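Hello,

Here is the structure I promised to pass on to you. Please open it and keep it beside this email while you read.

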Amino acid sequence: MDWSEWIWVVGPAVAVLGWAGATVVRSWLEDTPLNGIRKLFGKAAAPSKKTSLSVVVLTAPEPKWHIGAKGKEPMLNLTLHANLAHKSEVPLKIVQAYLKGTKPFGVFFPFIVAGPYDDPSLIHFSVRPIIVKGLDRLTRRVVLVDQFGGEHVTAPVTFSTVPVEPWRRGVTDANPAIKCHICDQPVSMMELHESAAIPAHKRCIK
């Protein structure tokens, strides 16, 4: 085999090795996954370690909080609307949310952030402990957790609440005392927690 034949044999291999080497070096320098090589071998693309989720919380409708319960355990429920966007080629799935200084509690419904042009998302989540008193406004950063375990922290978000009318929880003039959902003891209108969607003593919401 003469040199011209060797070129036809070796040339493509050199080209492939050069492309692979350049891809590896670029991936190392940019700290990005080797998705090109992964696709070449039929594997799914890997997420970039530098995926940055942009979160803009909308002021209308206003972020809200209220008290609920899972079984006999009270929990702080929070709702907000936000624009979420990222530039990664891999969609992000938000699988959990919580407030800084709390832990997730109850059920969370995951949702997808496909890219930079998604419609606003409704985010509803629950946490413990209950870190708000009475009808106070609550300001705290929200942490969104993606499917890769990445945590995306928002700017401080202010949540407000409104009193829950006693009649919505079964308290009426004819029936001024009902049982507390948490402790099963009678609760009067004066003892009723202002913002709980369940009948509960103020002392039981903690």
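To begin with something you can look up yourself: does Lys-202 count as buried, partly exposed or exposed? Lys-202 counts as partly exposed, because its relative accessibility is 43%, and that value falls between the 20% limit for buried and the 50% limit for exposed. Please keep in mind that this is a predicted model.

**Salt bridges**

Lys-202 is a good way into the charged pairs. Its side chain meets that of Glu-194 in a salt bridge, at 3.9 Å from N to O. Glu-194 is partly exposed too, with a relative accessibility of 27%. Elsewhere, salt bridges with shared partners tie Glu-62, Lys-64 and Arg-137 into one network. Within that network, Lys-64 pairs with Glu-62, and their closest N and O atoms are 3.8 Å apart. Lys-64 has a relative accessible area of 32%, so it is partly exposed; Glu-62, at 33%, is also partly exposed.

A further salt bridge is formed by the side chains of Glu-191 and Arg-203, again with 3.9 Å from N to O. These two residues are 12 apart along the chain, and each of them sits in the segment after S13. Glu-191 is partly exposed at 32% relative accessibility, whereas Arg-203 is exposed, with a relative accessible area of 52%. The total for the structure is six salt bridges. As background, side chains of opposite charge can pair when their charged atoms come close.

**The overall picture**

Stepping back, the protein has two helices and 13 strands. It contains 206 residues, and 33% of them are buried. If you take the contacts between residues at least 6 apart in sequence, 56% of these join residues at least 24 apart. The accessible surface is about 12,500 Å², and carbon and sulfur atoms account for 61% of that area.

**The nonpolar core**

Which residues touch the most other members of the largest nonpolar core? They are Leu-76, Leu-78, Leu-99, Ile-123, Phe-125 and Phe-159, in a core of 38 residues. Several strands contribute at least two residues each to this core, among them S2, S3 (73–85), S4 (92–99) and S7 (121–128). Others that do so include S6 (111–113), S9 (142–146) and S11 (157–159). In soluble globular proteins, nonpolar side chains tend to be buried together.

Phe-125 is a handy residue to select if you want to see this region. Leaving aside residues up to four places away in sequence, Phe-125 touches Leu-76, Asn-77, Leu-78, Leu-80, Ala-97, Tyr-98, Leu-99, Phe-108 and Val-142.

**Two buried residues that touch Asn-77**

Ser-126 belongs to strand S7. At 5% relative accessibility, Ser-126 is buried, because the limit is under 20%. Its side chain makes a polar contact of 2.5 Å with the side chain of Asn-77. Beyond its sequence neighbours up to four places away, Ser-126 also touches residues including Met-75, Leu-76, Lys-103, Pro-104 and Phe-105.

Gly-68 lies in strand S2, which covers residues 64–70. Gly-68 is buried as well, with a relative accessible area of 6%. Asn-77 is one of the residues that Gly-68 touches, along with Glu-73, Pro-74, Met-75 and Ile-198, when residues up to four places away are not counted. The C-alpha atoms of Gly-68 and Ile-205 are 9.4 Å apart, although 137 residues separate the two along the chain.

**Backbone details in the loops**

Where are the cis peptide bonds to look at? One joins Ala-60 and Pro-61, with omega at about 0 degrees. Pro-61 is in the loop between strand S1 (54–57) and S2. Another runs from Arg-128 to Pro-129, with omega near 0 degrees, and Pro-129 lies in the loop between S7 and strand S8 (138–140).

Asp-184 is worth a click too. Its phi is near 65 degrees, a positive value in a residue other than glycine. Asp-184 is located in the loop between strand S12 (177–179) and strand S13 (186–188), and it is partly exposed, at 39% relative accessibility.

I hope this helps you find your way around.

Best wishes

Terms used
Residues numbered from 1 in each chain as written. Predicted model: local features only at pLDDT ≥ 70, side-chain atom pairs only at ≥ 80, totals over all residues. Heavy atoms only, no water. Helix = DSSP H or I, 4+ residues; strand = E, 2+ residues; numbered from the N terminus. Buried < 20%, exposed > 50% of the residue type's maximum accessible area, 1.4 Å probe, protein only. Contact = heavy atoms within 4.5 Å. Areas by Shrake-Rupley, 256 points an atom, 1.4 Å probe, with all protein chains shown as cover. Core = buried A, V, L, I, M, F, W, Y, C linked by side-chain atoms within 4.5 Å. Polar contact = N/O pair within 3.5 Å; in protein donor to acceptor, adjacent residues only side chain to side chain. Salt bridge = Lys/Arg side-chain N within 4 Å of Asp/Glu carboxyl O.
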